[in-house]
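Reader: I would like to learn how to read burial and charge pairs in a model. Where do we start?

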Amino acid sequence: MKKEELLNYFDDELLDKLFGFCYARTNDSYEAQELCSDIIFALVKAAHTDGEITSIYPFIWRVARNVYADFSKNRRKNADIYYEGNADDVLQFMAAPEQTDDSEELLAAIYRRIAFLTKAYREVMILYYIDGLTTGEIAKRQNTSEVAIRQRLFSARQKVKSEVTEMSETYNKPLALDKKEYHILGTGNPAWGDPRTTCNRTFSEHILWLCRKKAMSAAEIAEQLNVPTMYVEEELEILTYGENGSYGLLRKLENGKYAINFILLDEDTMEKATAIYTEHLPKICDSISEFVNEHKEEYLSFPYLNKKVDFNLILWQQVTTMSYIFSEMVEDVLAENYFADTSAPDRPFSVFGHVSNGKTYGAGWDGAGAENVCGFSKVHLENIYITRIKAHFHCGLNVGNDPQIQLALRAINGLDVNSLSETEKEHAAKAIDCGYLYREKDMLYTKILVSAIEDRERLFAISSGLYKGYFHEEAKVVAKQLATLIKQAVPDYLLGEWRLANRLADLPVLDSVVEALIERGLLTPPEDGIGAEGCWMSVQK
């Protein structure tokens, strides 16, 4: 038998046996995929050499063992590419256009199977043919060269593109999926494990959307998206595992199907939910404005450690708490009257979101702590960020590596400019520019609000007065309407997370309250979005 007849033996049964051979000799399935791809490539090369084969299967396994011997010498765990040579070498084996035999069709089928076996190939295929990224964009995302990406696409873009679009009905798939826009928020400690990090492809977003409507198997998802099942299976594994193996964006059910594992409201439901709150915004804003005017002196009398205190900064510190109080009152009614029989999951971090299509709401409030810095045994920093304010920092900030915050700590009781080195003066200028410090003659003082750590627990005690005599009737009305909507839109197994649905409905409130207080002259925003506003710290000697 001539060697070129090898191509006729590449069927699913042979590939399964080759993969089993590789799996038994490697550390994991990805390494097995890599080795199997190398063996197939060696066999394809052999099929395009002169000579005859007396016994086909002994020849195949002899090649397999030889490739494995070479592979063992240079074992590569989780290799980025399945073939280290120039992938253009493979293309020279393609049948010429004038040839009439079926070699080209056989090779196309082989290449297709390689795509289904190789992890690195599949990842690039998804990004290129399904997510619609260019090779340059993929190279930047994967921190590699565009040449390497083109190798992983088998180096012949037009040929692969042709094969993809001309696949049989079973394997045919679109060149790109439409972009879906989600706004997914988190609450709690993200260091425990944030599953949002696994949802970074359009393909992922489409799978989430399908599993949001109903539990689906990999095969069902593949059929809906017109994408090969193996692509789907790997993406399901990633989305279910999440960042830490304990919390993913999907959950696998006992029947083997997959369902969404967090509250994700569609555009229509989100609009209805926020409308329930926004209907009451005039009353909420009027009540907060009235409360602020009535308690201004109490706010100013709080024992801040600054040389001087600006009421505008105090109000920026308090505004998030004040705007959330109405939502918390709604939550109390929901807990007592509508969801008393449900229990929330016990985990350090949770996510929730909605279909945004360009329209997003929300804000953030992050904190960071440090010990034994600039003469203080304990330091705690906090800042908010919303439409009007940019964040100074996020959770996980290392205060020991932030010279501007260190200067703010040193300047609480005043810091002589002349005592600073040239480098420190440069950092001080930046600290003034971002709102941490202000200067009076030759002295620097801390501009952001500073209080003692022992007073931290009562920072928002004054604003908590809004719980008394405000919003009670409105909270009952909102809770009743929202409970009905949540029970219609949220799967039964996620009802324990109804509080997060309430937070989604409340998202427009904070920005609306801020704008109302600005219109009334009670709040003044920073000109460029970042300043002393919305940032504060607590210290302990």
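Author: Start with the cut-offs. Buried means under 20% relative accessible area, exposed means over 50%, and partly exposed lies in between. Keep in mind that this model is predicted.

Reader: How does Glu 497 read on that scale, buried or exposed?

Author: Glu 497 has 6% relative accessibility, so it counts as buried.

Reader: Which residue forms a salt bridge with Glu 497?

Author: Arg 347 does. The closest N and O atoms are 2.9 Å apart. The pair ties together distant parts of the chain, 150 residues apart. Arg 347 sits in the loop between helix H16 (311-337) and strand E5 (349-355). Glu 497 sits in the loop between helix H19 (472-489) and H20. Arg 347, at 21% relative accessibility, counts as partly exposed.

Reader: How many salt bridges does the structure hold?

Author: It holds 18. One of them joins the side chains of Arg 520 and Asp 286, at 2.5 Å from N to O. Here too distant parts of the chain are linked, 234 residues apart. Arg 520 lies in the loop between helix H20 (498-519) and strand E12 (535-540), and Asp 286 lies in helix H14 (residues 281-294).

Reader: Why do Arg 520 and Asp 286 count as partly exposed?

Author: Partly exposed is the range between under 20% and over 50%. Arg 520 has a relative accessible area of 38%, so it is partly exposed. Asp 286 has 43%, so it is partly exposed as well.

Reader: Where do Lys 430 and Glu 426 lie?

Author: Both are in helix H18 (residues 422-433). They are four residues apart, about one turn of the helix. Their salt bridge has its closest N and O atoms 4.0 Å apart. Lys 430 is partly exposed at 43% relative accessible area, and Glu 426 is partly exposed at 49%.

Reader: Which residues are linked in a network of salt bridges?

Author: Lys 307, Lys 308 and Glu 440.

Reader: Which residues form a negative surface patch?

Author: Glu 4, Glu 5, Asp 50 and Glu 52. Glu 5 is in the segment before helix H1 (12-23). At 33% relative accessibility, Glu 5 is partly exposed.

Reader: Now a whole helix. Why is H10 largely enclosed by the rest of the structure?

Author: Because eleven of its twelve residues are buried. Among them are Phe 203, Glu 205, Trp 209 and Arg 212. H10 covers residues 202-213 and reaches 17 Å from its first C-alpha to its last, close to the expected 16 Å.

Definitions and conventions
Residues numbered from 1 in each chain as written. Predicted model: local features only at pLDDT ≥ 70, side-chain atom pairs only at ≥ 80, totals over all residues. Heavy atoms only, no water. Helix = DSSP H or I, 4+ residues; strand = E, 2+ residues; numbered from the N terminus. Expected span 1.5 Å × (residues − 1). Buried < 20%, exposed > 50% of the residue type's maximum accessible area, 1.4 Å probe, protein only. Patch = residues over 30% accessible without salt bridge, like charges linked within 9 Å, V, L, I, M, F, W, Y side chains within 5 Å. Areas by Shrake-Rupley, 256 points an atom, 1.4 Å probe, with all protein chains shown as cover. Lys, Arg positive; Asp, Glu negative; His and termini not counted. Charge placed at Lys NZ, Arg CZ, Asp CG, Glu CD.
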